[in-house]
Amino acid sequence: MIYNFDEIISRKGTHSVKWEAGELLKEIGITERFDEDTISLFVADMDFPCPQPVIDALHARVDRLMFGYSTYTTTPDYIEAIQGWFARRHGWDIDADSIVYSPGTVEAINMAVKAYTEPGEGVIIQRPVYSPFTSAITKNQRVVVNNSLRHTDGYYTIDFDDLEAKAKDPNNKLFILCSPHNPVGRVWTPEELVRMAEICLANDVVLVSDEIHGDLVRQDVTHYPICTLVDDDRLIACTATNKTFNMAGLHCSNIVINNKELRTKFTDQIGFKSPTPFAITALIAAYNEGEEWLAQVNEYIDGNLAFLQDFLAEHMPQVKYRIPEGTYIGWMDFSGYGLSPKEVHDRIYNRANVVLEDGKLFGEEGLEFQRICVPSPRPLLRQALERIADQF
Ligand SMILES: Cc1ncc(COP(=O)(O)O)c(C=O)c1O
């Protein structure tokens, strides 16, 4: 089947946080303006329909008429769909016993913080990074230990000496890795991943790798699940259908925890939770039949990221931007304009009426940046960019 991702489909009336949560966005400080005319490109979900096999399977499930309690542990189809996907796509053989369902990846990260650290202990992250990593640490009374990423010409790398020093500090017990990295778009190389894993393992730091963007990489780039590179059962990885298939509202993450002791500590925190009937049905259809859709969506996203690059080069050459290796996130450096971050914000959010995400939300390192999520029909993306360019 050929999908048409150029089509603009209204999401109004679907309880979409991206398109209908203006009051909330104002309250949490993302924007001051949100009205009928706002173009919203802030949250990491897609304005594209899900794979047709998922839609069909959900229709069929609705026709079964009852939506009672479900379990994913008593019928093998859910687990086998996960195993099949990761074996086929990433060469990763996942042990059935290691899979723990979580209603969300952010929830899983919060549970990992509680399971593997005590209040007052340190958790290493690499800023600028997805802000719920920070809140998972601070809201649980742990301490943020920032192994800040290095940045040269828009390309981010890891300060390994600093990471090692931080891992050696006995107060630091957990490292939350973002792989691929949101927002800087790096897909870490095998060498980088192995080195990070070795540093953590040598210092008894639990490594939780959030890999939920791992299916969304450019055509010439390979994402490596960390567990395929280093054979040590203490490594933990977060997987999900949410980003890959645009199903974040179905709340379906699966955390791979091979080590029994670490798994028990985690499940003690999270308790036994089961996906909703819709999440189970959608996951099975997506992982078993979603590859054709994913190939097309990735090609379209590649096109949008290239379009963004060309648009900026032509109309806003002071913005520094580099096509990310992975994710569908553009990380735009506005420092070339010599304007205050507040002025940049005002021009985009209030005057152009486009909602992105201020880079400072990802840490001080992001102060002069804006994050844009591009998985939207290109005509909509073009319109948003034209409005922004008119203000600069
Ligand atoms: C790196 C990363 N982790 C987790 C999430 C959220 O995942 P979930 O909806 O499963 O909590 C996002 C969403 O943007 C993300 O970018």
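The shell around the ligand in this predicted model comprises 5 nonpolar, 6 polar and 2 charged residues. Of the 13 residues that surround the ligand, those that come nearest are Thr 105, Asn 182, Asp 210, Asn 242 and Lys 243.

Oxygen atoms of the ligand are approached by both side-chain and backbone atoms of the protein. Thr 105 places a polar side-chain atom 2.7 Å from a ligand oxygen, and for Asn 182 a polar side-chain atom likewise lies 2.7 Å from an oxygen atom of the ligand. At Val 106, a backbone N or O atom is found 3.0 Å from an oxygen atom of the ligand. The ligand taken alone exposes 400 Å², of which the protein buries 89%.

The cysteine residues were examined for disulfide pairing, for which two cysteine sulfur atoms must lie within 2.5 Å. By this rule, the count is 0 disulfides. Cys 50 takes part in no disulfide, and the nearest cysteine sulfur, which belongs to Cys 252, is 13 Å away. With a relative accessibility of 17%, Cys 50 counts as buried, because residues under 20% relative accessible area are assigned to that class.

For Cys 238, the closest cysteine sulfur is that of Cys 178; the two sulfur atoms are 9.8 Å apart and therefore too far from each other for a bond. Cys 238 has a relative accessible area of 2% and is therefore classed as buried.

Definitions and conventions:
Residues numbered from 1 in each chain as written. Predicted model: local features only at pLDDT ≥ 70, side-chain atom pairs only at ≥ 80, totals over all residues. Heavy atoms only, no water. Near = heavy atom within 4 Å. Polar contact = N/O pair within 3.5 Å; in protein donor to acceptor, adjacent residues only side chain to side chain. Areas by Shrake-Rupley, 256 points an atom, 1.4 Å probe, with all protein chains shown as cover. Nonpolar A, V, L, I, M, F, W, Y, C, P; charged D, E, K, R; others polar. Buried < 20%, exposed > 50% of the residue type's maximum accessible area, 1.4 Å probe, protein only.
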